[in-house]
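Trainee: I should like to examine this structure with you, beginning with its side chains and ending with its strands. May we proceed by question and answer?

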Amino acid sequence: MPNRNLIIIAFLMLILVGVGYWAYDSKLHVGVQKKQPLVRENADYYFIDTRIIQFNKEGKLDYTLVSDSITHYPHNDTTLLQTPHLENFSTPGKPMVADALYGKLLPGNEDIELWDDVVMTQTNLGNGSHVRIDTDFMTIYSEKGLAVTDRPVLITNDTGRTRAIGMEAFFEESLVKLKSRVRGFHEPKP
């Protein structure tokens, strides 16, 4: 009888070892690895002394972009710009002009980021008023008529100067929302 118990215990131990090995082996199963897609991170085109003219859906001039050089990267569909000069005509009677040392057209070529010595001006052709915004980084959403930054800004117009941290500028409404630390100097016109 004791031999029979030993055989049963040995059989159960053998089953436990087999189940343990099966569980361990199934985690180490090496399947066919998927081949990573080849990502090309090199530029696919490069232009110097470039001028881009964009028309809207109605065929009217939307914006012109002039840059010393343009380099496009297909892996993230971005285009780097050197000394971009952007003139946006999406708001009739209030053209907006933006200059910077560097810029990047975001995927879709509708929105643009500008950095280092960013100067944006808007002139109201109806009354001749002029607004200038200086900052070191700006994102311009062309279709929304919106410029956004979280960096310090200096806004200069015909009647004063305003400093703030962060801004949202809506071109069509000629509206500027300042985010924080707003300080200004205002002198009414005589």
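Mentor: Certainly; one cut-off is needed beforehand: a residue is buried under 20% relative accessible area, exposed over 50%, and partly exposed in between. Please bear in mind that this is a predicted model.

Trainee: To which of these classes does Y102 belong?

Mentor: The relative accessibility of Y102 is 35%. A value between 20% and 50% falls in the intermediate class. Y102 is therefore partly exposed.

Trainee: Which residue forms an aromatic pair with Y102, and is the pair stacked or tilted?

Mentor: Two rings count as stacked when their planes are under 30 degrees apart. For Y102 the partner ring is that of W115, at 6.3 Å centre to centre and with 20° between the planes. W115 is itself partly exposed, at 26% relative accessibility. The partner is thus W115, and the pair is stacked.

Trainee: How many residues apart in sequence are the parts that this pair ties together?

Mentor: Y102 belongs to strand β6, which covers residues 102-105, whereas W115 belongs to strand β7. Because the two rings lie in these two strands, the parts they tie together are separated in sequence by 13 residues.

Trainee: How many aromatic pairs are counted, and what is the angle between the planes of Y45 and F47?

Mentor: The count comes to two aromatic pairs. Y45 and F47 form a tilted pair, 5.3 Å centre to centre. Both residues are partly exposed, Y45 at 33% relative accessibility and F47 at 45%. The angle between the planes of Y45 and F47 is 45°.

Trainee: Over which ring does the charged end of K144 sit?

Mentor: The distance from the charged end of K144 to the centre of the ring is 5.3 Å. The ring in question is that of Y141.

Trainee: Let us turn to the salt bridges. How many are there, and what is the distance between K104 and E113?

Mentor: The count comes to four salt bridges. In one of them, K104 is partly exposed at 23% relative accessible area, while E113 counts as buried at 18%. The N to O distance between the side chains of K104 and E113 is 3.9 Å.

Trainee: With which residue does R132 form a salt bridge?

Mentor: R132 counts as partly exposed, at 35% relative accessibility. The closest N and O atoms of the bridge are 2.9 Å apart. The partner of R132 is D134.

Trainee: In which strands do R151 and D136 lie?

Mentor: R151 and D136 form a salt bridge, with their closest N and O atoms 3.5 Å apart. Their positions in two strands are the reason why the pair ties together parts 15 residues apart in sequence. Both are partly exposed, R151 at 38% and D136 at 32%. R151 lies in β9, and D136 lies in β8.

Trainee: Which strand gives the most to the largest nonpolar core?

Mentor: That core has 23 residues, and L86, I112, M120, I133, M138 and I140 are those with the most contacts inside it. At least two of its residues come from each of β2, β5, β7, β8, β9 and β10. The greatest contribution, four residues, is made by β7.

Trainee: Which residues does M120 touch beyond four places in sequence?

Mentor: M120 is among the core residues with the most contacts. Its partners are M96, V97, A98, V131, R132, I133, M138, I140, A147, A169 and F171.

Trainee: Is L146 buried or exposed, and how far is its C-alpha atom from that of F171?

Mentor: L146 is found in strand β9 and is buried at 11% relative accessibility. Its contacts beyond four places in sequence include I140, A169 and F171. Although L146 and F171 are 25 residues apart along the chain, their C-alpha atoms are separated by 6.2 Å.

Trainee: Finally, how do β10 and β11 run, and which residue in the turn has a positive phi?

Mentor: Nine bridges join β10 to β11, and the two strands run antiparallel. One of the bridge partnerships is between G160 and H186. The strands form a hairpin with four residues between them, and the residue with a positive phi, about 50°, is S174.

How values were computed
Residues are numbered from 1 along each chain as its sequence is written. This is a predicted model: local features need pLDDT of at least 70, side-chain atom pairs count only at pLDDT 80 or more; totals for chains, interfaces and linings use all residues. Side-chain values use heavy atoms; hydrogens and water are left out. A nonpolar core is a set of buried Ala, Val, Leu, Ile, Met, Phe, Trp, Tyr and Cys residues joined through side-chain atoms within 4.5 Å. Buried means under 20% relative accessible area, exposed over 50%, partly exposed in between (1.4 Å probe, protein chains only). Contact means heavy atoms within 4.5 Å. Rings of Phe, Tyr and Trp (its six-membered ring) pair if their centres lie within 6.5 Å; planes under 30 degrees apart count as stacked, over 60 as edge-to-face and the rest as tilted. A charge sits over a ring if NZ of Lys or CZ of Arg is within 6 Å of the ring centre and within 35 degrees of the ring normal. Two strands pair if DSSP finds at least two bridges between them.
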